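Pull up the model and get it turning on your screen. We'll walk through it piece by piece, from strands to domains to a few single residues.

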Amino acid sequence: MYRRQFLSLVGAAGVARALRGMPVPRIKDISVIATEPAGVRLTVVKIQTDQDGLYGYGCATFTQRADLVVQAVNAYLKPLLIGRPTDGIEDLWQAMYNSSYWRNGPVLNNAISGVDQALWDIKGRQAGMPVYELLGGKCRKGARIYSHASGREIPEVLDQARKLMSQGITAIRLQVGVPGMAAYGAGRAPSSVSPSQDEVFDPEPYVRRTLALFEAARKELGPEIDLLHDVHERLPPRMAVQFAKDMEQFRLFYLEDALSPENIDYFRQIRANCTTPLAMGELFNNPHEWEQVIESRLIDYIRVHVSQAGGLTPARKIAALAEAFQVKTAWHGPGDVSPVGHCANVTLDVACYNFGIQEWTFPNDHLLEVFEGYPVVKDGYAYVNEKPGWGVEINEKAAAKYPYGSEGAVRKQLNGGWGVVRRSDGTVINQ
Ligand code: MG
């Protein structure tokens, strides 16, 4: 029994006393909801407590290795946690984090996040409050979002951008295809030059094509719209420095993942050469990665994928660290974040002072059939729902209608994993 039920039984005046007198909930069961309603493998952890009707959900989505996260939760975290009290979230987070001895990998971090976010959900439901209230309340009414415009040809990208602008979106990420190549985020053209079956991408034509896209975009969309672009780590460091410099004239909101995590020290060279705002971090899962770029002021936006970093508990610490160095947050928010994860993102957005912008994915009907409570977007801002916890309910019967495996042929064959992208000479690249 939790607060809302108490409200109807004893009235508001008796609630605080009744809650203080209640026994601490204990973890009774942990299960994993594995579902793919929108063509992306989503993983959500559900924790049930020993108190009637008190449970919580947490996002544990690592779509390229989803089955391993499921196994990490079931085989390792569940035996560790069953019977433990739910109230000490930091304590349980540290217990999960340290119990594997070797740590900071994406599989384990996502598994931990699933439990961590479910514990925050439980605490919110107990309190009868949205999680943002537990973090101190809102410091803004909604989270400004950006959405994606992409296409194989430049006019197609600009048409999509215009459509988003007409819906009140004020920040848009632009990606365009490169003929004959697998450009990130803009459709994948079949390769004619590959020495194997794998996809091909060469950085030089990508750079020329993207500069042409932004030249056209500024000319046709005007100076006011905020524009973003994601390199997705595909450039060698020297080219990334030149590209950031060449993009400076288009006054981006930010340039994302200009370098791979292995090359983050090259941000110093980009900083020394231009003022293009920089965002980085969706692949980070180790504190040593975000600490360095934040404390050295090498980036403007930290883009950690919240579940990849281990959940809400470490993410709010990252936000606090970043605030001290004038780095803003831009939590990763594409389709491979579950609706529970999107709620966690927007919760942080409205509660943390140094929020920058929120990447946004609009849900399809299947997703809304499974997940109730997806944040609502109005006039370019996302609003978290006001129900207790994350405010998300999952229709598990509907979730079961969409098992893993609805992707296209290659990803299905790779069990949801990504394949390989190579340069024309056959070298495998970061993708
Ligand atoms: Mg990205």
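How many bridges join β4 to strand β12, and do they run parallel or antiparallel? Two bridges link β4 to β12 (residues 358–359), and the strands run parallel. One bridge pair to look for is Tyr146 with its partner Glu359 in β12. Keep in mind as you look around that this is a predicted model.

Strand β4 has further partners. Strand β15 (residues 381–383) is joined to β4 by two bridges, and here the strands are antiparallel. You can find Arg144 of this pairing opposite Tyr381 in β15. Then there is strand β5 (residues 171–176), which runs parallel to β4 and is joined to it by five bridges. Ser150 sits opposite Gln175 in β5. To get from β4 to β5, the chain passes through helix α7 (residues 154–166), and this β-α-β crossover is right-handed. Another bridge pair in this spot is Gly151 with Val176 in β5.

How is β4 placed relative to its surroundings? Of the nine residues in β4 (residues 143–151), seven are buried, so the strand is largely enclosed by the rest of the structure.

Now slide over to β5. Here six of the six residues are buried, leaving the strand mostly covered. A bit of background helps with the next view: in a regular strand, side chains alternate between the two faces of the sheet. In β5, one side carries Ala171, Arg173 and Gln175, the other carries Ile172, Leu174 and Val176, and all of these are buried, so both faces are covered. β5 also pairs with strand β7 (residues 226–230), by three bridges and in parallel. Within that pairing, Ala171 stands opposite Asp226.

Next, head for the front part of the chain. Three strands make an open sheet there, in the order β1-β2-β3, with antiparallel pairing. β1 (27–35) and β3 (55–59) are the edge strands, each pairing on one side only. On average, neighbouring strands of this sheet are turned by 20° against each other, direction ignored. β1 and β2 (residues 42–49) share eight bridges in the antiparallel sense, and Thr35 has Leu42 in β2 as its bridge partner.

Two helices are worth checking against this sheet. Helix α5 (residues 106–127) lies across β2 and β3, at about 140° to β3. Helix α13 (residues 339–351) also packs on the sheet and touches β2 and β3, with its direction making about 85° with that of β3.

While you're at the sheet, zoom in on Ile27, which belongs to strand β1. Is Ile27 buried or exposed? It has 22 other C-beta atoms within 10 Å, so Ile27 is buried. Leaving out residues up to four places away in sequence, Ile27 touches Ile47, Thr49, Leu81, Ile82, Gly83, Arg84 and Thr86. Take Gly83: 56 residues separate it from Ile27 in sequence, yet the two are 5.0 Å apart in space, C-alpha to C-alpha.

Zoom back out for the domains. The domain assignment splits the chain into domain 1 (3–130) and domain 2 (143–390). Their centres, taken over C-alpha atoms, are separated by 28 Å. Where they meet, domain 1 contributes 36 residues and domain 2 contributes 28 residues. On the domain 1 side, β2, β3, α4 (89–99) and α5 each supply at least two residues. The largest share of that side comes from α5, with 13 residues. Sorted by class, the side of domain 1 that touches domain 2 has 18 nonpolar, 13 polar and five charged residues.

Finally, a quick look at backbone torsions. Most residues other than glycine have a negative phi. Tyr101 is not a glycine, but its phi is positive, at about 60°. You'll find Tyr101 in the loop between α4 and α5. Tyr101 is exposed, because there are 5 other C-beta atoms within 10 Å. Arg297 has a positive phi too, near 55°, and sits in the loop between α11 (287–295) and β10 (301–302). With 12 C-beta neighbours inside 10 Å, Arg297 counts as exposed.

Key
Residues are numbered from 1 along each chain as its sequence is written. This is a predicted model: local features need pLDDT of at least 70, side-chain atom pairs count only at pLDDT 80 or more; totals for chains, interfaces and linings use all residues. A residue is buried if 20 or more other C-beta atoms lie within 10 Å of its own, exposed if 12 or fewer, and partly exposed in between; C-beta atoms are placed from the backbone. Helices (H or I, at least four residues) and strands (E, at least two) are DSSP runs, numbered from the N terminus. Two strands pair if DSSP finds at least two bridges between them. A crossover is right-handed if, with the strands pointing away from the viewer, the path from the first strand over the helix to the second runs clockwise. Axes are lines fitted to C-alpha atoms, for helices over the stretch in contact, and angles run from 0 to 180 degrees between N-to-C directions. Two residues are in contact if their C-beta atoms, placed from the backbone, lie within 7 Å. Domain bounds come from an automatic or database domain assignment. Ala, Val, Leu, Ile, Met, Phe, Trp, Tyr, Cys and Pro count as nonpolar, Asp, Glu, Lys and Arg as charged, and the others, Gly among them, as polar.
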